[in-house]
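Work through the exercises below with the structure open. Each task is followed by a solution in steps.

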Amino acid sequence: PTSYSLSQNYPNPFNPTTTIEFALPVAGQYNLTIYNITGQVVESFDGSADAGVVSIVWDASRYSSGVYFYKLEAGTFSATRKMVLIK
């Protein structure tokens, strides 16, 4: 990848797992945080990765149906997207 990007999760809507992918143009640290509709953090994934596409599978089986947001922070890049859990 030549730039940072955060893809839409798939499948969406989902039950109970979904895949979130993002691209890192250089190796580095990342933080992927998942929020519920009220803004509370429900899950956080911190790590480091080489340059390339990173995939994270989120298992939401212990959470209730609804709208969730996920935010990626890596380097100076930040992006947020919406996803829907339907049980």
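**Exercise 1. Find the bridge partner of Leu6 in S2 and place the pair in its sheet.**

Solution. Leu6 has Phe22 of S2 as its bridge partner. Helices (H or I, at least four residues) and strands (E, at least two) are DSSP runs, numbered from the N terminus. S1 and S2 run antiparallel and are joined by two bridges; two strands pair if DSSP finds at least two bridges between them. The sheet is open and has three strands in the order S1-S2-S5, with antiparallel pairing. Strand S1 (5-6) and S5 stand at its edges with a single partner strand each, so one side of each lacks a neighbour in the sheet.

Before going on, note the basis of the values. The model is predicted: local features need pLDDT of at least 70, side-chain atom pairs count only at pLDDT 80 or more, and totals for chains, interfaces and linings use all residues. Residues are numbered from 1 along each chain as its sequence is written, and side-chain values use heavy atoms, with hydrogens and water left out.

**Exercise 2. State the strand order of the four-strand sheet and find which strands stand at its edges.**

Solution. The order is S4-S3-S6-S7 in an open sheet with antiparallel pairing. S4 and S7 are the edge strands; each has a single partner strand, so one side of each is left without a neighbour in the sheet. Between S3 and S6, which run antiparallel, there are six bridges. One bridge partner pair is Asn36 with Tyr68 in S6.

**Exercise 3. Which residues of the largest nonpolar core touch the most other members?**

Solution. A nonpolar core is a set of buried Ala, Val, Leu, Ile, Met, Phe, Trp, Tyr and Cys residues joined through side-chain atoms within 4.5 Å; buried means under 20% relative accessible area, exposed over 50%, partly exposed in between (1.4 Å probe, protein chains only). The core has 22 residues, and Phe22, Tyr30, Ile34, Trp58, Tyr68 and Met83 touch the most other members. Strand S2 (17-24), strand S3 (28-36), strand S4 (41-49), strand S5 (52-59), S6 and S7 each give two or more residues to this core. S6 gives the most, with four residues. Leaving aside neighbours within four places in sequence, Trp58 is in contact (heavy atoms within 4.5 Å) with residues including Phe14, Ile34, Val42, Tyr68 and Met83.

**Exercise 4. Is Thr76 buried or exposed?**

Solution. Thr76 lies in the loop between strand S6 (66-74) and strand S7 (77-85). The relative accessible area of Thr76 is 84%, so Thr76 is exposed. Thr76 and Tyr4 are 72 residues apart in sequence, and their C-alpha atoms are 9.3 Å apart.
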